[in-house]
Amino acid sequence: MSQLVNKAKNFVSEKIGDMAKPEASVTDVDFKKVSMNNVEYLAKVSVNNPYSTPIPICEVKYSFKSANREIASGTIPDPGSLKAKDTTMVDVPVKVPYSILMSLAKDIGADWDIDYQLDLGLVIDLPVIGNFTIPLSQKGEVKLPSASNMFSS
């Protein structure tokens with residue numbers, strides 16, 4: 001009996017392994033706005049759903065790092081659904097407190113930008129399989145807000 005169960009598990013694993021799965025990529029990370037306590041950046045994530053039904057996004061987890069330290073992290077619960085057989089753009093707002101930016105400013109120099117690494121986990125609910133996390137990582141540079149950004153908001 002256990003051999004039959006193992007064969008069934010292996011068969012299902014092989015079939016699921018060959019199935020197309022949603023794919024995602026970070027298309028942009030850019031300055032969004034300044035508030036009283038923080039600077040907000042916006043990460044745009046493009047997610048392709050190969051299935052003929054919409055798929056709910058359970059949550060998006062993110063970690064924003066610079067100078068080898070985490071400067072922001074969070075979770076966005078229930079950001080919507082992926083469109084059926086289409087590409088969906090998911091916006092991930094990342095709020096960085098001023099205190100952390102000021103400590104980084106000493107290391108920034110004349111170019112007024114910071115090198116970052118954004119790690120994302122896009123958790124979706126796939127039928128039959130259950131929760132599935134699409135891991136993403138993006139490195140790049142993002143500008144710090146200028147005085148005109150701070151006073152125009």
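These notebook entries record what I looked up in a predicted model of one chain.

**Entry 1. Aromatic pairs**

I began with the aromatic rings and obtained 3 aromatic pairs. I examined F64 and Y116: their ring centres are 5.4 Å apart and their planes meet at 25°, so I recorded the pair as stacked, since the angle is under 30 degrees. I then placed the two residues along the chain. F64 belongs to strand 3 (residues 55-66) and Y116 to strand 6 (residues 113-126), with these positions 52 residues apart, and the pair thus links distant parts of the chain. I checked the accessibility of both partners. F64 has a relative accessible area of 1% and is buried; Y116, at 7%, is also counted as buried. I noted finally that F64 and Y116 form one aromatic cluster together with F31 and Y41.

**Entry 2. Strand 2 and its partners**

I next turned to strand 2 (residues 38-49) and asked how many of its 12 residues are buried. The count is 10, so I entered strand 2 as largely enclosed by the rest of the structure. I looked up its pairing on each side. Strand 1 (residues 23-34) pairs with strand 2 in the antiparallel sense, over 10 bridges. A hairpin of 3 residues makes the connection from strand 1 to strand 2. I took V34 as an example and found V39 of strand 2 as its bridge partner. Strand 5 (residues 86-97) also runs antiparallel to strand 2, and the two are joined by 12 bridges. Here I noted K44, whose bridge partner in strand 5 is D91.

**Entry 3. T87**

I stayed with strand 5 and selected T87, which is found there. Its relative accessibility is 36%, and I recorded T87 as partly exposed. Setting aside residues up to four places away in sequence, I found that T87 touches S46, V47 and N48. I also computed a separation across the chain: the C-alpha atoms of T87 and A24 lie 9.1 Å apart, although 63 residues separate them in sequence.

**Entry 4. L126**

Is L126 buried or exposed? I found L126 in strand 6, and its relative accessible area of 2% makes it buried. Beyond its neighbours within four places in sequence, L126 is in contact with P22, Y51, I55 and F132. For one of these contacts, Y51, I noted the C-alpha separation from L126 as 9.8 Å, at 75 residues along the chain.

**Entry 5. A nonpolar surface patch**

I then looked at the surface. M19, V128 and I129 make a nonpolar patch of about 290 Å². I traced M19 to the loop between helix 1 (2-18) and strand 1. M19 has a relative accessible area of 36% and is partly exposed.

**Entry 6. Positive phi angles**

I closed with backbone angles. Most residues other than glycine have a negative phi, and I therefore listed exceptions to that rule. D78 is not a glycine, yet its phi is positive, at about 45°. I located D78 in strand 4 (residues 69-82), where it is exposed, with a relative accessible area of 61%. K85, likewise not a glycine, has a positive phi of about 45°. I placed K85 in the loop between strand 4 and strand 5 and recorded it as exposed, with a relative accessible area of 61%.

Key. Residues are numbered from 1 along each chain as its sequence is written. This is a predicted model: local features need pLDDT of at least 70, side-chain atom pairs count only at pLDDT 80 or more; totals for chains, interfaces and linings use all residues. Side-chain values use heavy atoms; hydrogens and water are left out. Rings of Phe, Tyr and Trp (its six-membered ring) pair if their centres lie within 6.5 Å; planes under 30 degrees apart count as stacked, over 60 as edge-to-face and the rest as tilted. Helices (H or I, at least four residues) and strands (E, at least two) are DSSP runs, numbered from the N terminus. Buried means under 20% relative accessible area, exposed over 50%, partly exposed in between (1.4 Å probe, protein chains only). Two strands pair if DSSP finds at least two bridges between them. Contact means heavy atoms within 4.5 Å. Patches are made of residues with over 30% relative accessible area and no salt bridge: like charges are joined within 9 Å, nonpolar side chains (Val, Leu, Ile, Met, Phe, Trp, Tyr) within 5 Å. Accessible areas come from the Shrake-Rupley method with a 1.4 Å probe; for residues, only the protein chains shown count as cover. A salt bridge is a side-chain nitrogen of Lys or Arg within 4 Å of a carboxyl oxygen of Asp or Glu.
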